[in-house]
Structures are given as C-alpha cells and as structure tokens.
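Student: Before we open the model, could you show me how to read charged pairs, confidence values and backbone angles from coordinates? I would like the general idea each time, and then the case at hand.

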Amino acid sequence: MPVEDRQRVSDAPRATDGSEWEVFVRETSTDPMRHVGSVTAETWDIAYEQAATLFSFTAEDLWLCPADAVHRFTPSTLDEAATAAGD
Amino acid sequence: MISVSKLLCGLDAEGDGLRYDAANESDKEQISEKKQRRPVVVWNTTRGCNLYCEHCYASACDSGADGEFSTREGKRLLDDLADYGVPVVLFSGGEPLVRSDLVDLVDYAADVGLRPVLSTNGTLITAERAQQLADAGLAYAGISVDGMAETNDHFRGQDGAFDAAVRGIEHCLDAGLKTGLRYTITQHNRDDLRDIVDLLADTGLDRFCFYHLAYGGRGADISDTDLSTAERREAVREVCDLTRAYHEDGHEIETLLVGNYADAGYITEYARREMSEERARTVRRYLETNGGDPAGERVADIDYQGNVHLNQFWQSYSLGNVRDRSFGAIWEDDSNPLVNALRSRDDRLQGRCTDCQYADICKGGSPLRSLAIHDDPFAPDPQCYLTPDERAPDTGGLQPTNAD
Ligand code: SF4
C-alpha cells in the first residue's frame, strides 16, 4: 500500500479513568506475538493482572505497551483529527 | 433478554428488533446458525451525564471526555455500522441527551438503515425533544427509573430525578414513541418493583425491562447491594406473578428480564410448577433459540472514545478502536483467542454448569460477573440462583451452587 494511502490516527486519549494498555500474547513458544486488544488500568501491574485473567487460559507470553506510545497509521478515514502519515 | 410476557402469557410484542433473540423468535425465515449474526451495537455517545448514578457502568460524570466523537465522526461511524449490516444502534451514554446533536445523529442512523433506539435517564426529555426524536425516526426509548421517588433519587444522586423521568416518559408516550422502563434490581429497590409497574402502567407505559446488576463500572463497586439468592428468586418470581396478573386482567404489558440467563432455567421451572408441564415445554423450546448471555456475540459496545467492547458493561477490556479500522473488521477478527473462546463457551463450562440441565440455554451466565468474582470469565455466574434440584434433578446437583 502506498505510504500516502495511510493517515496517522490522532493522539486522542483512549481512556479517562487510568490509561489504556495494548495487550500482546504468544500462545506457544513458536507462535507469533499477537495483538489481542487493550485493557484500562492505572498502572502496568494492574494492567498485567487484568490481561492475565483474560488470557492466561491460552497465553504463554504476555506483553503490555502503553497505548499512547503506539503511533497508528491506517487507511481508515473515520478519525477527523488524523494527519497525513508523513507529517 | 428474556421476555417473560411472551414465555408465560404468549404475548407477541411488536417486533422492535431490540431483543438480541428477536431474529430467532420470529416466524419469518430463520437466520442460519453458521452465519454470524450482526450484533446490536450500543454506542456510548458521551461520558457526560447530568446525574451520578450508583450503578453506572460507564462511570459517567458531569463533563464529556477528551476524544469523544464529533458529529461528523459519529456519522462516519453510523455509516460503518450500516455497511456492516448492524440491525440496531442503541444510543447510550453517559446521558445521550446531553449531546446537542443527538437528534441529528438519530436522524442520520435512520436514514442509513439502522434502527435507532435510545437508553436515557429521561430527565432531559422535554415535549419538544421527544417530538424531534420521534420525527427523526427513533424506534424506541428505554428510560431508567430505579425505584419509587425516594429510592430512585437517592440512587441517581439528585432530588427530583424521579419526577423528571416520569415526565420524560409521558412526553415520549405523547410523541407516539415506543417507550419502556429500565429497572436495575438491587436490595435498595426490590421492594418498589410492583409499585413502579403499577404507577407507570397507569401512565400508559407497557414495556418493563428488569436488569440484574452487572459487575462493570460503578456497578462493580456496589456489588454488595446485589440481591442474595433468596431475594433474587423472590424478585424474579414477582416479575412472573405480576406479568400473569396483569394479563389475566386484560392489560397486556410486556415484561423482560435482562442480564442473567439463570432466568431461563427459573422461568421454565416456574412454568412447570405454577402452570403446566406443557407450558414448561413450550417455554423451554422458545429459550432454546435464545442463546444465553450475548456478550461478544449478539451485542457489542463502542465507547465514547471509539473502543469496541464485548458488551456495554465490560468497559475494562477492548477489542480494538474504530478510529483504526472498521467495526466489522474488529468484530470478525478471529485471531482473538478470548473472543473465540466466548463464542464457543459451551465447551468451557465449569463447576455446577457442567451438569446443569439448562446449560444449553444459559451457557454459564455472565462472563463479566464471573471475571469480577472468580477472576475467570468461564467460571459459573456468581449470580446463578437455581437450586441443585432445579439445575440437575437426576443427580440432585452434586456440584456446588450458590443456592446451597
Ligand atoms: S448452573 Fe450454570 S448453566 Fe446452569 S443456570 Fe446456573 S449459571 Fe447457568
């Protein structure tokens, strides 16, 4: 896909009570790490607890990343405040 | 959602497309099981609310949140939902009427082929606004009242909220809007249940939805006000009894129970005990097409910042955000192991659910409550209130149960 077909999703907050944490799981050691959504929590350890209760039934590895550290580029045009990918 | 009036009194209410099971209960062509039915989508249009209710799942407050959708983004979202074939969009909040563009959004939803319905505390509905909403194509208004005046106003954090909500109901009825009550049953208001039905039935209201407490948002903080097993049995029995009494008097009110699929087993047992074996069989047959708790399957939620949730109460976990990709793409992403597990949860029943004769129509109840209490979404619903004999008459229910 050409670079110009994507736009950068704005940094609008994704949570109001606490922060949003992107969750990644690997089901077996040879599986890829996979994004499985996000949880809302004040701190990483509470986020880990929450993600673990949801995904321990299947996940070996579990990673968390603060959602506001993730820059998202997409062809989706819903976000009114999105900017050109190169800006 | 389980329609008590349909199951016990045979009332075939007008198809408002609101019940998650509506497609399956229709006499019209059945939707094949293989085809994933499109969910009813609850859209929390704003965090802002003029009240501060104890059980609010959206943890609403008096101001909106950063990142809420503009009118134009809202319309793009509605386009997206319509393209995907979502049948119903439920405008919720916070309080959706604090959005000045609500009528515009409802109008747009109807134009693009969605069935717009509303969940509101009713206190901001004036005669003019009710008429505007009706003219815009609103198909239904569900208005929350959680007890008689004193109870409701305490619960909702504002004196006069009850009177304002009742006025809102009257304005909706005057505008010709199909209107119903939403009532979350807790220890605080269980004694008001019959009085509220009597009072509102007198105003002309004929649809009453009783919600079991969901353990999400502020609802989780007040789980200690939830009903005990004995109180829950009594409250559900009261809903059944009053529904039948109204119908016997020729007043065909519609009553529904929402949020706890142990109700399916209880109502079947009630029909057997209080009515006839034949009625119990009919009730069970209807419930077999119903499908148990709808989280992740027949209902979805999009919050005010665009995060997609498994239902409106389960706000702490999100599948993705509609600013990144379309709702349909998020909903149908079959790489998510939790969603896959929820959609085949019959295979994961545990404990007392494993020998329950109603497991096929309950499916273990609410995964959110199980998560809140047992840290495991696939554990039995802590609100299950069936007795061992009701649950597993052949074995006497050897597995532990709340009703023990
Ligand atoms: S035992 Fe489990 S499946 Fe049966 S009614 Fe209770 S929660 Fe539902």
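Student: Is Asp226(B) buried or exposed, and which residue forms a salt bridge with Asp226(B)?

Tutor: Side chains of opposite charge can pair when their charged atoms come close. In this predicted model, Asp226(B) is buried, with a relative accessible area of 5%, and Asp226(B) forms a salt bridge with Arg232(B), the closest N and O atoms being 2.9 Å apart. Arg232(B) is buried as well, at a relative accessible area of 2%, so both partners fall under the 20% that sets the limit for a buried residue.

Student: How many salt bridges are there over all chains, and which residues does the network around Arg273(B) join?

Tutor: The count comes to 33 salt bridges over all chains. To follow the network, begin with Arg273(B) and Glu390(B), whose side chains meet in a salt bridge at 3.6 Å, N to O. Arg273(B) lies in helix H11 (residues 262-275) of chain B and Glu390(B) in helix H17 (residues 388-391) of chain B, so this pair ties together parts that are 117 residues apart in sequence. Salt bridges that share partners then join Arg233(B), Arg237(B), Asp241(B), Arg273(B), Glu274(B) and Glu390(B) into one network. Within this network, Glu274(B) forms a salt bridge with Arg273(B), with 3.9 Å between the closest N and O atoms. As for exposure, Glu390(B) is buried at a relative accessible area of 6%, whereas Arg273(B) is partly exposed at 43% and Glu274(B) is partly exposed at 31%.

Student: Which residue does the side chain of Thr120(B) make a polar contact with?

Tutor: Here one reads the element, the exposure and the neighbours together. Thr120(B) has its place in strand S4 (residues 115-120) of chain B and counts as buried at 2% relative accessibility. The side chain of Thr120(B) makes a polar contact with the side chain of Glu95(B), at 2.9 Å. If neighbours within four places in sequence are left aside, Thr120(B) is in contact with Glu95(B), Leu97(B), Ile125(B), Gly142(B), Ile143(B) and Ser144(B).

Student: And where is the place of Thr289(B)?

Tutor: Thr289(B) sits in the loop between helix H12 (277-288) and strand S9 (299-302) of chain B, and at 29% relative accessibility Thr289(B) counts as partly exposed. A polar atom of the side chain of Thr289(B) lies 2.7 Å from the backbone oxygen of Tyr286(B). Thr289(B) and Asp360(B), although 71 residues apart in sequence, are 9.8 Å apart in space, C-alpha to C-alpha.

Student: Which residues are around the ligand?

Tutor: One lists the shell and then sorts its members by character. The residues around the ligand are Ala262(B), Arg352(B), Cys353(B), Cys356(B), Ala359(B), Cys362(B), Gly364(B), Cys384(B), Leu386(B) and Arg391(B). This shell divides into seven nonpolar residues, one polar and two charged.

Student: What should I look for in the backbone, and which peptide bond is cis?

Tutor: Omega and phi are the angles to inspect. The peptide bond from Gly93(B) to Gly94(B) is cis, with omega near 15°, and Gly94(B) lies in the loop between strand S3 (88-92) and helix H4 (102-111) of chain B. Lys363(B) has a phi near 60°, a positive value in a residue other than glycine; Lys363(B) is found in the loop between helix H15 (359-362) and helix H16 (367-374) of chain B and is buried, with a relative accessible area of 17%. Asp375(B), in the loop between H16 and H17 of chain B, has a positive phi of about 55° although it is not a glycine.

Student: Where in chain B does pLDDT stay under 50?

Tutor: Where pLDDT is low, the predicted coordinates should not be read in detail. In chain B, pLDDT stays under 50 over residues 20-36, for which the model has 23 contacts beyond four places in sequence. For chain B as a whole the mean pLDDT is 89, and 88% of its residues reach 70 or more, while the predictor gives the complex an ipTM of 0.95 and a pTM of 0.91.

Student: How many helices and strands are there in chain B?

Tutor: Chain B has 17 helices and 12 strands, and buried residues make up 61% of its 404 residues. Among contacts in chain B between residues at least 6 apart in sequence, 71% join residues at least 24 apart.

Terms used
Residues are numbered from 1 along each chain as its sequence is written. Chains are lettered from A and ligands numbered from 1 in the order in which they are written. This is a predicted model: local features need pLDDT of at least 70, side-chain atom pairs count only at pLDDT 80 or more; totals for chains, interfaces and linings use all residues. Side-chain values use heavy atoms; hydrogens and water are left out. A salt bridge is a side-chain nitrogen of Lys or Arg within 4 Å of a carboxyl oxygen of Asp or Glu. Buried means under 20% relative accessible area, exposed over 50%, partly exposed in between (1.4 Å probe, protein chains only). Helices (H or I, at least four residues) and strands (E, at least two) are DSSP runs, numbered from the N terminus. A residue is near a molecule or strand if one of its heavy atoms lies within 4 Å of it. Ala, Val, Leu, Ile, Met, Phe, Trp, Tyr, Cys and Pro count as nonpolar, Asp, Glu, Lys and Arg as charged, and the others, Gly among them, as polar. A polar contact is a pair of N or O atoms within 3.5 Å; within protein, one must be able to donate a hydrogen and the other to accept it, and residues adjacent in sequence count only if both atoms are side-chain atoms. pLDDT is the predictor's confidence in each residue, from 0 to 100. Contact means heavy atoms within 4.5 Å.
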